[in-house]
There are 2 protein chains.
Amino acid sequence: MLQKKSKYNLAIVGATGAVGTEMIRLVEERNFPVEKIKILASKKSLDKKLTISGHETLVEELRENSFSGIDIALFSAGSTISQKFAPLAVKAGAIVIDNSSTFRMDPKVPLIVPEVNPHDLKNHKGLIANPNCTTIIMAVAIFPIHKINPIKKITVASYQAVSGAGARALQELREQQTQILKGQTPDAKVFRYVIANNIFSHDSEVAQNGYNKEEIKMIEETKKIFGNPNLAINPTCIRVPIERAHSEAIILELTNPADEDLIRHTLAKSPGIKVVDDREKNYFPMPCEASHQNDVLVGRIRKDLTDERHLNLFVCGDQLLKGAALNALQIAELLISSRG
Amino acid sequence: MLQKKSKYNLAIVGATGAVGTEMIRLVEERNFPVEKIKILASKKSLDKKLTISGHETLVEELRENSFSGIDIALFSAGSTISQKFAPLAVKAGAIVIDNSSTFRMDPKVPLIVPEVNPHDLKNHKGLIANPNCTTIIMAVAIFPIHKINPIKKITVASYQAVSGAGARALQELREQQTQILKGQTPDAKVFRYVIANNIFSHDSEVAQNGYNKEEIKMIEETKKIFGNPNLAINPTCIRVPIERAHSEAIILELTNPADEDLIRHTLAKSPGIKVVDDREKNYFPMPCEASHQNDVLVGRIRKDLTDERHLNLFVCGDQLLKGAALNALQIAELLISSRG
C-alpha cells in the first residue's frame with residue numbers, strides 16, 4: 001500500500017538503458033510528484049552522469065540496501081537483476097514496477113495496462129509487472145473494441161523494430177546498412193542473422209511447438225491482462241529493419257458483426273489511442289510517426305470481406321514508451337491516484 | 001495454338017526493366033529453345049544494348065507491326081503498353097504472356113501458376129496472364145497443402161520489398177538510407193512517405209471498402225487460380241524497407257485438423273518450394289535468402305494453438321523471379337511442352 005504523500009521517493013534501476021532513459025525523461029515531462037530520485041545501475045555505468053530536471057545526478061551502484069526510504073522502484077535492467085533485487089526492494093518497503101518478464105505470469109503479481117485492467121492493481125503485494133511491449137501496444141488498441149463487441153480470437157502478425165532488442169542491436173543495424181551501401185558484405189554479431197535489408201522470425205528462443213518466446217508472451221500475457229484464460233490468440237512475431245516503434249497487423253474475431261464506424265468512433269475517443277485512417281490519402285499508422293509518441297496509432301480499420309464478425313486493424317506504437325517506460329510510469333501514477 | 005517447332009521466336013516487351021532483365025537472364029539459364037529473340041522497348045531505351053547469350057543485341061522500338069513472325073511474346077512494360085500492344089501481338093499470331101494486371105480478371109484469359117493450375121492453359125485464346133507477385137508466391141506455398149487438406153480461408157499479412165515498386169523506388173530507399181545515416185532528413189519522391197527506417201500500408205490506391213489494390217488482387221486472383229470463387233481470403237499488404245523478395249505471414253483455415261509433419265513432408269517434395277524450418281536454430285525463411293532464388297521458401301510451419309484446423313506459415317519469395325519473370329517463362333515452357 002502506498003502512503004499518501006505529496007511527493008514520492010523514486011528509484012530507477014537500469015536508468016542508463018534505453019527504457020530507463022525514457023523513464024527519467026517521462027518523470028520530468030509528466031511532472032511526476034518526485035521528492036528524490038535515486039538512479040541505480042550496475043558498476044560499469046557508475047561514471048555516467050544523468051541530467052534530471054536540469055541537475056546533474058550521480059548514478060549510484062545498485063546494492064542490496066539501495067531501497068531504504070524508496071516509495072516506488074521502477075526496474076528495467078533485465079530479468080537477472082529483477083530476480084535478485086525486486087524482492088529486496090519490496091522487503092525494504094518499496095512498491096516495485098518491474099519491466100522484465102520475470103514475474104509477469106506469477107498469479108500473485110498484477111500485470112497492468114492502465115487503459116485495460118487498472119482494477120487488477122488493487123491486489124498487488126508490493127510487486128507489479130509491466131507487460132511485454134508488443135502485448136501492451138496490441139492491448140491498448142483492441143480493448144475499446146472488446147468493450148463494445150467482445151473479442152473471441154486475436155490473430156496478429158508483428159513488424160518489430162530493432163531497438164526492441166537493445167542498443168547494440170540498433171548499432172548493428174546502422175553498421176550493416178553502412179556496409180551494404182558501401183557494397184560490402186554485412187556482419188551479424190548481435191543477431192544471429194543480418195537484419196539490414198532483411199526481415200526474420202523473432203530472435204527469441206523457439207519452443208518445441210514452433211512458437212518463439214515473444215509469441216508465447218503475447219498469448220499468455222494478453223489472456224492475463226484481459227482476465228480471460230479462454231481468449232484465443234494466434235501470433236506471428238517478425239523483426240524488421242527499422243529503428244523504433246513496433247507495428248502489428250491484427251485480425252479480431254468478434255462476438256457480433258463489426259460496425260466499422262462505431263469502432264472508429266469508439267477508438268478515437270479512447271485514452272492512449274490516435275486513429276490514423278485516411279483511405280483517400282493512403283495515410284495509416286507508420287512507425288516513423290509512432291516513434292517518440294505516447295499514443296498508439298490505430299488504422300486500416302476495415303471488415304474482413306468474407307466474415308462480418310472479423311475486423312482488421314493496423315497498429316503502431318513506440319515500444320520504448322507505451323511498450324515500456326510510459327506504461328510503467330502510468331502504473332506508478334495509478335498507484336498514486338488510487339494509493340493502491 | 002503454338003506450332004510444334006524445335007526453336008521459337010521470342011519477343012520481350014519491356015526488356016530493359018527489372019522483370020524484363022530477369023526474363024532475358026532466365027531464357028539463357030534455362031536453355032529456353034530460342035530461334036530469335038526480339039528485344040522491344042520504348043523509344044527512350046533504344047540506345048541501350050543488351051547482351052544475350054554472349055551477343056550484343058539491339059533494343060528495337062516497340063511498334064504496331066513488331067510482332068510479325070513472333071511465336072511467344074512476353075510483356076512486362078506496364079498496363080498501358082499491354083492494353084495497346086498485346087492484342088496486336090495476338091492478331092499477328094503470337095501467344096502473349098502478359099505480366100501486367102490488365103487482362104488477369106478477364107474470364108477469357110487464363111491466369112496461370114504452373115505449379116497450381118497448368119490445366120487452365122488449354123483454354124487460352126492467344127493471351128495468358130501472369131498473376132500478381134504476392135499472389136504467385138502465396139499460391140505456390142499453399143497449393144500442396146490444399147491438395148491434401150482443402151483450404152477454406154486464407155488470412156495473410158505481407159512484408160513487401162521496395163523493388164516491387166520499380167527501380168526508382170529502390171534507388172529512393174538507398175538514397176534515404178544514406179541521408180538517415182548522415183543524420184539528414186530523408187525526402188520522399190517516388191513513394192508518398194519515406195520508406196527507409198519505416199514501413200507503410202501498400203502504396204496502391206485504397207478502395208472505399210478500405211482494401212488497397214494489392215489486397216484486392218490477392219483476393220480476386222487467388223480465387224481464379226484456385227478455381228474457387230468461394231475461397232475466403234483476408235489480406236493485409238505492407239511495404240517494408242528491404243530491397244528484394246516479398247515475405248508473407250499466412251494463416252490457413254483447413255477442412256480437417258492440420259498434420260504438421262505430413263504438411264512439412266508434402267511441401268518438401270513439392271515443385272518450386274524449399275522448406276526452411278529449423279526451430280532449434282531459429283532458422284526460417286528470410287528475404288535475404290529468397291532473393292535471386294527460384295524457389296519459394298516456406299517455414300514456421302506450426303498449428304494455431306487454439307484451433308487444430310488452422311495452420312501458420314511464413315513464406316519468402318523473389319518477387320522478380322517466381323513472382324514475375326520466372327513464372328512467365330514457366331508458362332512459356334508449359335506452352336511448348338503441351339503445345340497448348
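**Figure 1. Contact between domain 1 and domain 2 of chain A in the predicted model.** In this predicted model, 13 residues of domain 1 of chain A are in contact with 17 residues of domain 2 of chain A. On the domain 1 side, helix α8 (residues 321-338) of chain A gives the most to the surface that touches domain 2, with three residues. The residues on that side of domain 1 comprise eight nonpolar, three polar and two charged. Domain 1 is made up of the segments 8-131 and 324-338, and domain 2 covers 135-319. Taken over C-alpha atoms, the centres of the two domains of chain A are separated by 25 Å.

**Figure 2. Overall build of chain A.** Chain A contains eight helices and 16 strands. Its radius of gyration is 20 Å, close to the 20 Å that the globule rule gives for 340 residues, so chain A is as compact as a globular protein of that length. The C-alpha trace of chain A spans about 60 × 55 × 40 Å along its principal axes. Of the 340 residues in chain A, 55% are buried. Among the contacts in chain A with a separation of 6 or more, 67% are between residues 24 or more positions apart.

**Figure 3. The interface between chain A and chain B, from the side of chain B.** Here, 46 residues of chain B are in contact with 46 residues of chain A. The elements of chain B that give two or more residues to this side include the strands β9 (151-159), β13 (246-254), β15 (296-303) and β16 (310-317), together with the helices α4 (167-181) and α7 (287-290). By residue class, the side of chain B that touches chain A divides into 22 nonpolar, 15 polar and nine charged. Of the interface residues of chain B, 100% are also interface residues in chain A, so the copies meet through the same surface.

**Figure 4. Superposition of the two chains.** A turn of 180° and a shift of 0.0 Å along the axis lay chain B on chain A with an RMSD of 0.0 Å. The two copies are thus related as by a two-fold rotation axis.

**Figure 5. Helix α1 of chain B and its surroundings.** Helix α1 (residues 18-29) of chain B has twelve residues and reaches 17 Å from its first C-alpha to its last, close to the 16 Å expected at 1.5 Å a residue. Its buried residues are B:Val19, B:Gly20, B:Glu22, B:Met23, B:Ile24 and B:Val27. The cover over these buried residues includes the strands β1 (8-13), β2 (34-41), β3 (49-52) and β6 (72-75) of chain B, as well as helix α8 (321-338) of chain B. Just after α1(B), B:Asn31 takes a positive phi of about 50°.

**Figure 6. The environment of A:Val275.** A:Val275 is placed in strand β14 (residues 273-275) of chain A. With 19 other C-beta atoms within 10 Å, A:Val275 is partly exposed, because a residue counts as buried at 20 or more such atoms and as exposed at 12 or fewer. Leaving aside residues up to four places away in sequence, A:Val275 touches A:Arg264, A:Leu267, A:Ala268, A:Val298 and A:Gly299. A:Lys182 lies 93 residues from A:Val275 in sequence, and their C-alpha atoms are 39 Å apart in space.

Definitions and conventions: Residues are numbered from 1 along each chain as its sequence is written. Chains are lettered from A and ligands numbered from 1 in the order in which they are written. This is a predicted model: local features need pLDDT of at least 70, side-chain atom pairs count only at pLDDT 80 or more; totals for chains, interfaces and linings use all residues. Helices (H or I, at least four residues) and strands (E, at least two) are DSSP runs, numbered from the N terminus. The radius of gyration is taken over C-alpha atoms; the globule rule is 2.2 Å times the number of residues to the power 0.38. Two residues are in contact if their C-beta atoms, placed from the backbone, lie within 7 Å. Ala, Val, Leu, Ile, Met, Phe, Trp, Tyr, Cys and Pro count as nonpolar, Asp, Glu, Lys and Arg as charged, and the others, Gly among them, as polar. Domain bounds come from an automatic or database domain assignment. The expected span of a helix is 1.5 Å times one less than its number of residues. Copies are superposed by least squares on the C-alpha atoms of residues with pLDDT of at least 70 in both.
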